[in-house]
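Visitor: Hi! Could you walk me through this structure?
Guide: Happy to. Here it is.

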Amino acid sequence: MQAPVTIQSSGNVRQHAGLVGLMLGLAAALGGCAREPTDRVVLRMWGIGREAEVVPALLADFERLHPSIRVDVQALPLTGAHEKLLTAFAGDALPDLAQLGNTWLPEMAALGALSPLQPFVAASRVIQPADYFGGIWDTNVIDGELFGIPWYVDTRLAFYRKDILEAAGIPAPPRTWAEWSTALAAVKAHVGPERYAILLPLNEYEPLLNLAVQEADPLLKDNDTRGNFQSAGFRRAFAFYLDAFHKDWAPEMSATQISNVWDEFGAGFFSYFITGPWNVGEFKRRLPRRLQNDWATMPLPGPNGPGGAIAGGSSLVLFKQSKHPREVWQLIEFLSEPAQQLRFHELCGDLPPRRSSWADPALASDRYASAFREQLENAKPAPKVPEWERIAQQVRLASERAVRGHESPDIVLRDLDQRTDEILEKRRSMLAASKERK
Amino acid sequence: MNENRAGWLLSAPALIVLGAFFFVPVLAAFALSLTDFDLYALADLHNLRFVWFGNYVDVLTRPLFWKSLVNTLYFVGVGVPLSIAASLGSAMLLDSQRARWKGFFRTALFAPVVTTVVAVAVIWRYLLHTRYGLINYTLAHFGIAPIDWLGDPHWSMPAIILFAVWKNFGYNMIILLAGLQSIPPDLYEAARIDGASATQQFRHITLPMLRPVLLLVSIITVSGYFQLFAEPYVMTQGDPLQSTVSVLYFMYEEGFKWWSLGRASAIAFLLFALILAATVLLQRFGRRGEMA
């Protein structure tokens, strides 16, 4: 741990970075005359994407408060992060702590890579579980053990064009699926055959799954070991989703086919767009000024009024391998303080998971954030099995088969349940084995 | 005896390196393909089950495997002839007596080979864009309605083939150009005196003289094209409707996305068998031609 630190802080070694071989030799030699105090703890933290870019701005204050700790942030690109985490686990190279997407948490927990955090929380004055949105907190609890502290949350809801909706005769945002259908039909009639009412990208499973969790039927059944996609609830959500394509309200397109979603939203190619909080900042920045008063956000309509969505986002986790759990916990506590969460929100637009952070006027008065606030109260965790991401991809393929392949929903959903059961086969056999042992 | 030992001694370094970095990993991968190594096994080796040829059976009964195989064969069957034709055509143009600025064109036509797939894929996505793309814009002048290149399962593979051929033809072009330049010019001279037309010269001189080079080029191209991966990975991610999932892409998803390393190894061995069969066939075909 000491040698790399020396290389980074020693300017003249860095200038001759070309002599890699020499440098490696020097690193060992220079270890003895390190400028860093020897009792300083260096925490390795992995961040993903945009969050990794902005978090160093918060860490300067943390290091000032804790002079004996230095945090070394390493950024992973979102597309490669999952593989990187798994290979790091296989190669015993995990950092001390990381930002971990909610859907990956069950996987890392199943690997036994994460430290349980309940004892830390019990002794903490900063982190109050009751202050967090219930669904988000629950996402981090796997088989009764807490493995992560929510860092920021995201939930998918609908962005819409106020001006087009008004012109189409829709004065208020719809709350139920029936009202939404009426609105979509009206928009389509208004914009004509060349444009659409809503964008539901066929390469994303989130829109469909967020509609589906508004129904009471769970996505998986039998202790999360079998698919439950032929349930009445999922069928209703699926029918609503397919209807949008059959009635030509939604284009049969993937996001990759639309070069620039922001431009197209601005051009009115579609009027509703189901997406996440990061797009609030994007729309503010990328839409022309004349359109800035013409867009808004609304909670996803449900079968009988907004009923919830999948609780997404990332948590901070402590890896079992870490030799400095106490210091890591200090950092997690620091990043969980409402003041830091608000700064974090300012820096990158991510939404805080604590109600007390939302009480701040900066967020309470934000006209785009209020819809998120409402929906977060109802957010639910996605099924907490390591196989979930893979099953979600199958859901996407099933919807694509029904939309692009025009196959019957009955057959598609039967196949989906069958495929899900295949994917969960190992999980079933392992649960059966552990029952036998007991 | 002594000479024998010296021989072994001299080849030992190469053999050790080959053994450690080739034969051992291949054997390990084969052993892996007989287990259901996955995330759970990664966590705790007790969760590893020995399944014999279960993975092979499982893969061979998965519709997606057959679909990916058909997609790959489609890509190889159309892409390879098209690619070699493009390479040969451009090599002959470059070799022509009348060609000007040969150096410039050689570089320009070779350029796609050395560009990064990811960067040019972005450009190609724009070219293929349904509403704003240059390709559909040009087609519109001939009265052809816009084609949804990357969204229509019937057109996605042709789009990938087009992209791959454009990206790769320059490499074979250089090899074929060298082959063309080594054909003695007096053969053409003699043919011209005998009154042979350009097509006759091509059929009876160029093609036979190029045969060994063409055989080499097709073997390299076939085995390369069977390993279709980067193009769908950056352009379509296997979409739409899994029409651009190749065998290798299927393996990548099983192994690195879902961490079913056992099954992914099984796919790798199946793909190896496939490529081996294809190259052996091609070589037979080439040899038979030589005897005739």
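Guide: A term to start: two strands pair if DSSP finds at least two bridges between them. Helices (H or I, at least four residues) and strands (E, at least two) are DSSP runs, numbered from the N terminus. This is a predicted model, where local features need pLDDT of at least 70, side-chain atom pairs count only at pLDDT 80 or more, and totals for chains, interfaces and linings use all residues. Residues are numbered from 1 along each chain as its sequence is written, while chains are lettered from A and ligands numbered from 1 in the order in which they are written.

Visitor: What order do the strands take in the open sheet of chain A?
Guide: The order is β8-β11-β7-β12, so four strands with mixed pairing, given the pairing rule of at least two bridges.

Visitor: And which are the edge strands?
Guide: β8 (198-199) and β12 (295-298) of chain A, each pairing on one side only. β8(A) runs parallel to β11 (residues 272-275) of chain A, over two bridges. There, A:Ile198 stands opposite A:Tyr272.

Visitor: New topic: where does pLDDT stay under 50 in chain A?
Guide: Over residues 1-34. pLDDT is the predictor's confidence in each residue, from 0 to 100. Where it is low, the predicted coordinates should not be read in detail. For chain A the mean is 87, with 91% of residues at 70 or more.

Visitor: How many residues does each chain bring to the contact?
Guide: Chain B brings 22 and chain A 23, with residues in contact if their C-beta atoms, placed from the backbone, lie within 7 Å.

Visitor: What gives the most on chain B's side?
Guide: α2(B), with four residues.

Notes: Contact = placed C-beta atoms within 7 Å.
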